[in-house]
Amino acid sequence: WLLIHLASIYLTMMMFDVIAFAAIFVAGSLLAWLAWSLGPHDPMPIQQLQLYLPLLVMALALGPLASLSQKHADKTRIQALTRASNNIAHELRTPLGALHIAGQAFRRYLPDLLVSHRLAKEVGLPVAELRAAHLEALERGMDTIEHEVAHAHTVIDMLLMAARPLDRQQLVPLHVHSLLQDAITRYPYAARVEQERVHLQEGGDFVLLGSEPLLTHVIFNLLRNALHHTGRAGKGEIDIQVEREGRWGRIRVRDTGPGIPPDVLPRIFNRFYSYSEDRSGVAGLGIGLAFCREAVERMDGTITCRSRWGEFTEFLLSFPVRDANTHA
């Protein structure tokens, strides 16, 4: 039982932070002593406990050091991710800006070129034949350029937002329903069929004390995950609902996609944890849902997830309701 006790201590240290472990250890030790003292028992094995005590002390001393080492490693990874994100943003913003300007130029001058082409053809000048399919391809090309540029900017913004400290965000009163409408409209969908899968339920609103960029990017992350998994499954709708119950307001994001495996669900909010549901093994950075949790907690809220494998996934964001005139 001494070996089992030592193994359980290390296991508990790996599962919980230092404060939670200390509370569990003290409560468990007191309950064990109470159960031993009240029930029938043999004499206390003093000799074995004396041999075990140095191992116990070493475990209690080294366990928190391992936890601190993990936190230091995570901090180092976050700093590296921040530097990489800044470099990526710096290197990509300029070419994306050039593409955006080029797309605007195409959209502005192409109609005039088409009119000139039609007039030249009418007077018999030798010009290339432009069919209706060619014109449609040009229109789609301009839309594709603008859409992809907007999508790339959004992805960069999400990466930068997830990698930077959140305590610098100013908190102001926000009307949730109008913010959700704006976020759903602004999200860069890959195709119209994606946008048609997202439904914001009418009715229900409340005011929270939060940051518009933070909450918008939380919704973006949840939408991206839901669209990705429902798209891979080839089925599923995404419903977003606003509820108010007493002094709490809730945002419910539910998709009827493939769900999350039960062994994965407890770890989805852990930073740098990610999983792949296909055989390629390609997974994300593991920062999206961790960012969502930190951002929601920054706004005094909570985020939870429940899922049934093969049926649905639902995220519930809960916030204390504020007055519209409240300020941080």
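**Exercise 1. Describe how S4 and S5 are joined.**

Solution. S4 and S5 form a hairpin with two residues between them. In the turn, Gly246 has a positive phi of about 65°. The two strands are antiparallel and share eight bridges; strands count as paired if DSSP finds at least two bridges between them. One facing pair is Glu245 and Trp248, the latter in S5. Helices (H or I, at least four residues) and strands (E, at least two) are DSSP runs, numbered from the N terminus.

The model is predicted: local features need pLDDT of at least 70, side-chain atom pairs count only at pLDDT 80 or more, and totals for chains, interfaces and linings use all residues. Residues are numbered from 1 along each chain as its sequence is written, and side-chain values use heavy atoms, with hydrogens and water left out.

**Exercise 2. Find the strand that runs parallel to S4, and give a facing pair.**

Solution. Step one: strand S2 (residues 198–200) is parallel to S4, and three bridges join them. Step two: Leu200 stands opposite Ile240 in S4.

**Exercise 3. Is Arg247 buried or exposed, and which residues does Arg247 contact?**

Solution. Step one is the location: Arg247 lies in the loop between strand S4 (238–245) and strand S5 (248–255). Step two is the class. Buried means under 20% relative accessible area, exposed over 50%, and partly exposed in between (1.4 Å probe, protein chains only). Arg247 has 73% relative accessibility and is therefore exposed. Step three is the contacts, meaning heavy atoms within 4.5 Å. With neighbours within four places in sequence left aside, Arg247 touches Phe319, Pro320 and Val321. The C-alpha atoms of Arg247 and Pro320 are 5.9 Å apart, although 73 residues separate the two in sequence.

**Exercise 4. How many disulfides are there, and are Cys292 and Cys305 buried or exposed?**

Solution. A disulfide is a pair of cysteine sulfur atoms within 2.5 Å. By this rule the count is zero. Cys292 is buried because its relative accessibility is 0%. Cys305 has a relative accessible area of 16%, so Cys305 is buried too.

**Exercise 5. Summarise the protein chain as a whole.**

Solution. Begin with the elements: the chain has eight helices and seven strands. Next, 32% of its 328 residues are buried. Of the contacts between residues at least 6 apart in sequence, 73% join residues at least 24 apart. Last, the accessible surface is about 20,200 Å², and carbon and sulfur atoms account for 60% of that surface. Accessible areas come from the Shrake-Rupley method with a 1.4 Å probe; for residues, only the protein chains shown count as cover.
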